[in-house]
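Here is a short, friendly briefing to read alongside the sequence and the coordinates. It goes from the overall picture to one helix, then to a serine and the aromatic rings.

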Amino acid sequence: MNSKTFDYIALAFMIIGAINWGLIGFFQFDLVASIFGGMGSWISRVIYGVVGIAGIYSLTLFGRVSNNSYTE
């Protein structure tokens with residue numbers, strides 16, 4: 001898989017995380033926890049971890065976009 005594939009996967013997880021944080025902020029409703037059995041369940045923790053890793057990976061986008069090396 002090339003980096004563009006990882007970029008799209010990371011973007012999808014960041015969108016999931018943003019929607020979840022928006023729901024928490026506006027409605028005090030944690031969608032991931034409610035679907036997967038609470039914040040303490042292992043699957044919820046894995047999803048939270050993957051979203052965090054996707055956010056950290058996405059920091060690399062700043063360097064690629066600023067150098068104009070992110071081409072199709």
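In the protein, residues 24 or more positions apart account for 44% of the contacts with a separation of 6 or more. Please keep in mind that this is a predicted model. The secondary structure comes to 4 helices and 0 strands, and along the sequence the pattern reads α-α-α-α.

**Surface and burial**

- The protein has 72 residues, and 19% of them count as buried.
- Its accessible surface comes to about 5400 Å², and carbon and sulfur atoms contribute 73% of that area.

**Helix 3 and its two faces**

- Helix 3 covers residues 42–58, which is 17 residues. At 1.5 Å a residue these should span 24 Å, and the end C-alpha atoms are indeed 24 Å apart, so the expected and modelled spans agree.
- Which residues of helix 3 are buried? They are Ser44, Ile47, Val51, Ala54 and Ser58.
- These buried residues cover an arc of only 85° around the axis, which means that they sit on the same side of helix 3.
- The general background is handy here: an α-helix has 3.6 residues a turn, so residues three or four places apart point the same way.
- On the face turned away from the buried side, helix 3 carries the exposed residues Trp42, Arg45, Ile53 and Ile56.

**Ser44 and its surroundings**

- Ser44 is one of the residues of helix 3. Its relative accessibility is 0%, below the 20% cut-off, so Ser44 counts as buried.
- A polar atom of the Ser44 side chain lies 2.9 Å from the backbone oxygen of Gly38.
- What does Ser44 contact, leaving aside its neighbours within four places in sequence? The contacts are Val32, Ala33, Phe36, Gly38 and Met39.
- Ala33, one of these partners of Ser44, belongs to helix 2, which runs over residues 31–36.
- With 10% relative accessibility, Ala33 also falls under the 20% limit and therefore counts as buried.
- Ala33 and Ser44 are 11 residues apart along the chain, and their C-alpha atoms are separated by 6.0 Å.
- Seen from Ala33, and again leaving aside neighbours within four places in sequence, the contacts are Gly38, Met39, Ser44 and Tyr48.

**Aromatic pairs**

- How many aromatic pairs does the structure hold? There are 2 aromatic pairs.
- Phe6 and Tyr57 form an edge-to-face pair, at 6.3 Å centre to centre with 65° between the planes. The angle is over 60 degrees, which is why the pair counts as edge-to-face.
- This pair links distant parts of the chain: Phe6 is in helix 1 (residues 3–27) and Tyr57 is in helix 3, 51 residues apart.
- Phe6 has a relative accessible area of 39% and is partly exposed. Tyr57 is partly exposed too, with a relative accessible area of 25%.
- Phe26 and Phe27 form a tilted pair, at 6.4 Å centre to centre with 55° between the planes. An angle that is neither under 30 degrees nor over 60 is the reason this pair counts as tilted.
- Is Phe26 buried or exposed? Its relative accessible area is 71%, which is over 50%, so Phe26 is exposed.
- Phe27 has a relative accessible area of 61% and is exposed as well.

How values were computed. Residues numbered from 1 in each chain as written. Predicted model: local features only at pLDDT ≥ 70, side-chain atom pairs only at ≥ 80, totals over all residues. Heavy atoms only, no water. Helix = DSSP H or I, 4+ residues; strand = E, 2+ residues; numbered from the N terminus. Expected span 1.5 Å × (residues − 1). Buried < 20%, exposed > 50% of the residue type's maximum accessible area, 1.4 Å probe, protein only. Arc of directions from axis to C-beta. Phe/Tyr/Trp six-rings, centres within 6.5 Å; stacked < 30°, edge-to-face > 60°. Contact = heavy atoms within 4.5 Å. Areas by Shrake-Rupley, 256 points an atom, 1.4 Å probe, with all protein chains shown as cover. Polar contact = N/O pair within 3.5 Å; in protein donor to acceptor, adjacent residues only side chain to side chain.
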